[in-house]
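The following note is offered in reply to a request for comments on the structure shown below. The points are numbered so that each may be taken up separately.

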Amino acid sequence: QVQLVESGGGLVQTGGSLRLSCAASGRFFGSYVIGWFRQAPGKEREFVAAMQWSAGFTYYSDSVKGRFTISRDVAKNTVNLQIDSLKPEDTAVYYCGTSARVLAYSLPNYSRRDLYDYWGQGTQVTVSS
């Protein structure tokens with residue numbers, strides 16, 4: 001079992017920034033991929049960004065490249081998502097998930113929600129216009 005806890009969401013104005021964090025605990029291994037997904041009201045959960053924990057490979061959705069940055073803090077077992085230049089369409093619940101099945105070098109597979117095994121409870125991001 002892996003436990004994931006997200007934090008850092010909130011209400012921010014257009015153009016602002018937020019830093020989300022995902023703390024992992026339990027049977028978490030360096031071979032895992034940790035990903036961030038988001039779900040807006042009435043929409044499917046969509047991929048945002050992911051990182052392979054030990055190698056540090058990253059992969060981003062085209063829609064967020066240049067504005068979102070994923071990173072890790074090894075000492076804290078935490079993956080962070082820095083979000084800059086926020087837009088109203090970024091409003092969503094942001095979830096982190098972890099996968100033991102995605103291979104490190106299969107970067108496009110980092111976006112496959114069906115390969116993620118554990119999820120956090122989510123953190124709300126609301127961007128006002």
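**Comments on the predicted model**

1. The model under review is predicted. A convenient place to begin is Arg 67, which, neighbours within four places in sequence set aside, is in contact with Gln 82, Ile 83, Asp 84, Ser 85, Leu 86, Lys 87 and Asp 90. Arg 67 sits in the loop that runs between strand S6 (58–60) and strand S7 (68–73). A polar atom of the Arg 67 side chain lies 3.0 Å from the backbone oxygen of Ser 85. Is Arg 67 buried or exposed? Its relative accessible area is 12%, and because buried means under 20%, Arg 67 counts as buried.

2. Ser 85, which supplies the backbone oxygen in that contact with Arg 67, deserves a point of its own. It is found in the loop between S8 and S9, and it has a positive phi of about 50 degrees although it is not a glycine. Most residues other than glycine have a negative phi. The relative accessibility of Ser 85 is 40%, so it counts as partly exposed.

3. Asn 77 also calls for attention in a check of the backbone. Its phi is near 50 degrees, a positive value in a residue other than glycine. Asn 77 lies in the loop between S7 and S8. With a relative accessible area of 26%, Asn 77 is partly exposed.

4. The nonpolar interior may be considered next. The largest nonpolar core has 29 residues, and those with the most contacts inside it are Trp 36, Val 48, Ile 70, Leu 81 and Tyr 94. Which elements give two or more residues to this core? They are strand S1 (2–7), strand S3 (18–26), strand S4 (33–39), strand S5 (46–52), S7, strand S8 (78–83), strand S9 (92–99) and strand S11 (123–128). S3 provides the largest share, four residues.

5. Ile 70 illustrates the packing within this core. Residues up to four places away in sequence not being counted, Ile 70 touches Ile 34, Trp 36, Ala 49, Ala 50, Met 51, Thr 58, Tyr 60, Val 79, Asn 80 and Leu 81. Of these partners, Trp 36 and Leu 81 are, with Ile 70 itself, among the residues that have the most contacts inside the core. A second, separate core has nine residues, including Phe 37, Phe 47, Ala 104 and Tyr 116.

6. How many salt bridges does a search of the whole structure find? It finds seven. In one of them the side chains of Glu 46 and Arg 38 meet, with an N to O distance of 2.6 Å. The two partners differ in burial: Glu 46 is partly exposed, at 35% relative accessible area, whereas Arg 38 counts as buried, at 8% relative accessibility.

7. Asp 114 forms a salt bridge with Arg 112, and their closest N and O atoms are 2.7 Å apart. Asp 114 is partly exposed, with a relative accessible area of 48%, and Arg 112 also counts as partly exposed, at 36% relative accessibility. Elsewhere, salt bridges that share partners join Arg 38, Glu 46, Arg 67 and Asp 90 into one network. Arg 67 of the first point is thus a member of this network, and Asp 90 is also one of its contacts.

8. A further salt bridge pairs Glu 44 with Arg 113, the closest N and O atoms being 3.5 Å apart. This pair links distant parts of the chain, 69 residues apart: Glu 44 is in the loop between S4 and S5, and Arg 113 is in the loop between S9 and strand S10 (118–119). Glu 44 is exposed, with a relative accessible area of 61%, while Arg 113 counts as partly exposed at 36% relative accessibility.

9. The last point concerns the covalent cross-link. A search of the whole structure finds one disulfide, formed by Cys 22 and Cys 96 with their sulfur atoms 2.1 Å apart. The link is right-handed, with 65 degrees about the S-S bond. It joins distant parts of the chain, since Cys 22 is in strand S3 and Cys 96 is in strand S9, 74 residues apart. Where do the two cysteines stand in accessibility, buried or exposed? Cys 22 counts as buried at 0% relative accessibility, and Cys 96 likewise counts as buried at 0%.

Notes: Residues numbered from 1 in each chain as written. Predicted model: local features only at pLDDT ≥ 70, side-chain atom pairs only at ≥ 80, totals over all residues. Heavy atoms only, no water. Buried < 20%, exposed > 50% of the residue type's maximum accessible area, 1.4 Å probe, protein only. Polar contact = N/O pair within 3.5 Å; in protein donor to acceptor, adjacent residues only side chain to side chain. Contact = heavy atoms within 4.5 Å. Core = buried A, V, L, I, M, F, W, Y, C linked by side-chain atoms within 4.5 Å. Salt bridge = Lys/Arg side-chain N within 4 Å of Asp/Glu carboxyl O. Disulfide = S-S within 2.5 Å.
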